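Visitor: Pick one part of this structure and take me up close, please. I would like to see what surrounds it, step by step.

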Amino acid sequence: MQIVISIWIGGERFEARFEEERAPRTCRAFRALLPWREELIHARWSGEACWVPLGSLDVNVTAENAISDPRPGQILFYPGGISEAEVLIAYGEVRFAAKAGPLAGNPLLRITRDLDKLAAIGRAILRGGARTIVIDQESA
């Protein structure tokens, strides 16, 4: 049985895979939170990305192959430090940052298809505001 990660953003479904080979501790910690439901807002500081601010959430993970320039479809987890914990979803050109300066997040998930739909949703969030995001796993 194969596990499929489904990401729903404002009624659109995307399939993703965990970045287990790059950040196994981060993926294990996040998998324990599933199903996960939050509000996704635009990350103007970072460019073409949306984010979920997580405040002081502590899942007991530190930097793990952290990157600051994710490609479209990459989802990062920033465990906190100079800024609050957050999940960042790249839909275009991104340089991950906060008011405090540049950030780097752990690779968490990767959406590999329908990146044009993801970009359209990102632009819609920029213009129209937050959308609900739900991440869960299903058996295939």
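Guide: Start with one word. A residue is called buried when its relative accessible area is under 20%, exposed when that value is over 50%, and partly exposed in between. Keep in mind that this is a predicted model.

Let us begin with aromatic rings. A pair of aromatic rings is described by the distance of the centres and the angle of the planes. Here the count comes to two aromatic pairs. Take F30 and W36. Their ring centres are 5.0 Å apart and their planes meet at 65°, so this pair is edge-to-face. An angle over 60 degrees is what earns that name. Both F30 and W36 are buried.

Now the other pair, Y78 with F96. Their centres lie 6.1 Å apart and the planes stand at 90°, so this pair is edge-to-face too. Where do the two residues sit? Y78 belongs to strand β5 (residues 74-78), while F96 is in the loop between β6 and β7 (97-98), so the contact ties together parts 18 residues apart in sequence. Y78 has 8% relative accessibility, so it counts as buried. F96 is buried as well, because its relative accessible area is 2%.

Y78 leads us to our main part, strand β6. The bridge partner of Y78 in β6 is E86. Strands β5 and β6 pair in the antiparallel sense, over four bridges. They form a hairpin with six residues between the strands. In that hairpin, G80 takes a positive phi near 100°.

How covered is β6? Nine of its 10 residues are buried. Strand β6 also pairs with β4 (residues 47-55). Seven bridges join β4 and β6, and the two run antiparallel. One point of this pairing sets C50 opposite I89 in β6.

C50 and I89 turn up again in the wall of a cavity. Rolling a probe the size of a water molecule over the atoms shows where empty space is left. The structure holds one cavity of 30 Å³ or more. About 30 Å³ of space lies in the largest cavity. Its lining includes I9, L40, Y91 and L118. Strand β6 (85-94) and helix α2 (115-128) each supply at least two of the lining residues. Helix α2 gives the largest share, four residues. By class, the lining counts eight nonpolar residues, one polar residue and no charged ones.

Next, look at a pocket to which β6 contributes. The largest pocket has a volume of about 180 Å³. Its lining has 15 residues. W45, W51, E86, A97 and A98 are the ones nearest its centre. E86 is the residue we met as the bridge partner of Y78. Strands β3 (36-42), β6 and β7 each supply at least two lining residues. By class, this lining has eight nonpolar, three polar and four charged residues.

Step back to β5 and follow its other pairing. Four bridges join β5 to β9, and these strands run antiparallel. I75 has L109 in β9 as its bridge partner. Strand β9 (residues 106-111) is mostly covered, with five of its six residues buried. Strand β2 (residues 12-18) runs antiparallel to β9 and is joined to it by three bridges. There A16 stands opposite I111 in β9. One ring deserves a glance here. The charged end of K117 sits over the ring of F14, 5.4 Å from its centre.

What about the loops? Past β9, the loop leading to α2 holds D114. D114 has a positive phi of about 60°, although it is not a glycine. Its relative accessible area is 34%, so D114 is partly exposed. The loop between β4 and β5 holds N60. Phi of N60 is also positive, near 60°, in a residue other than glycine. N60 counts as exposed, because its relative accessible area is 73%.

One loop remains on our route. P35 is found between α1 (24-31) and β3. The peptide bond from L34 to P35 is cis, with omega near -5°.

Back to β6, then. It pairs with β4 and with β5. It helps line the largest cavity and the largest pocket.

Definitions and conventions
Residues are numbered from 1 along each chain as its sequence is written. This is a predicted model: local features need pLDDT of at least 70, side-chain atom pairs count only at pLDDT 80 or more; totals for chains, interfaces and linings use all residues. Side-chain values use heavy atoms; hydrogens and water are left out. On a 1 Å grid over the protein atoms alone, a cavity is a set of points where a 1.4 Å probe fits but cannot get out, and a pocket is an open set with protein on both sides within 12 Å along at least five of seven lines; lining residues have an atom within 4 Å of a point. Grid points are joined across faces, edges and corners, and a volume is the space filled by probe spheres set on the points. Ala, Val, Leu, Ile, Met, Phe, Trp, Tyr, Cys and Pro count as nonpolar, Asp, Glu, Lys and Arg as charged, and the others, Gly among them, as polar. Rings of Phe, Tyr and Trp (its six-membered ring) pair if their centres lie within 6.5 Å; planes under 30 degrees apart count as stacked, over 60 as edge-to-face and the rest as tilted. Buried means under 20% relative accessible area, exposed over 50%, partly exposed in between (1.4 Å probe, protein chains only). A charge sits over a ring if NZ of Lys or CZ of Arg is within 6 Å of the ring centre and within 35 degrees of the ring normal. Two strands pair if DSSP finds at least two bridges between them.
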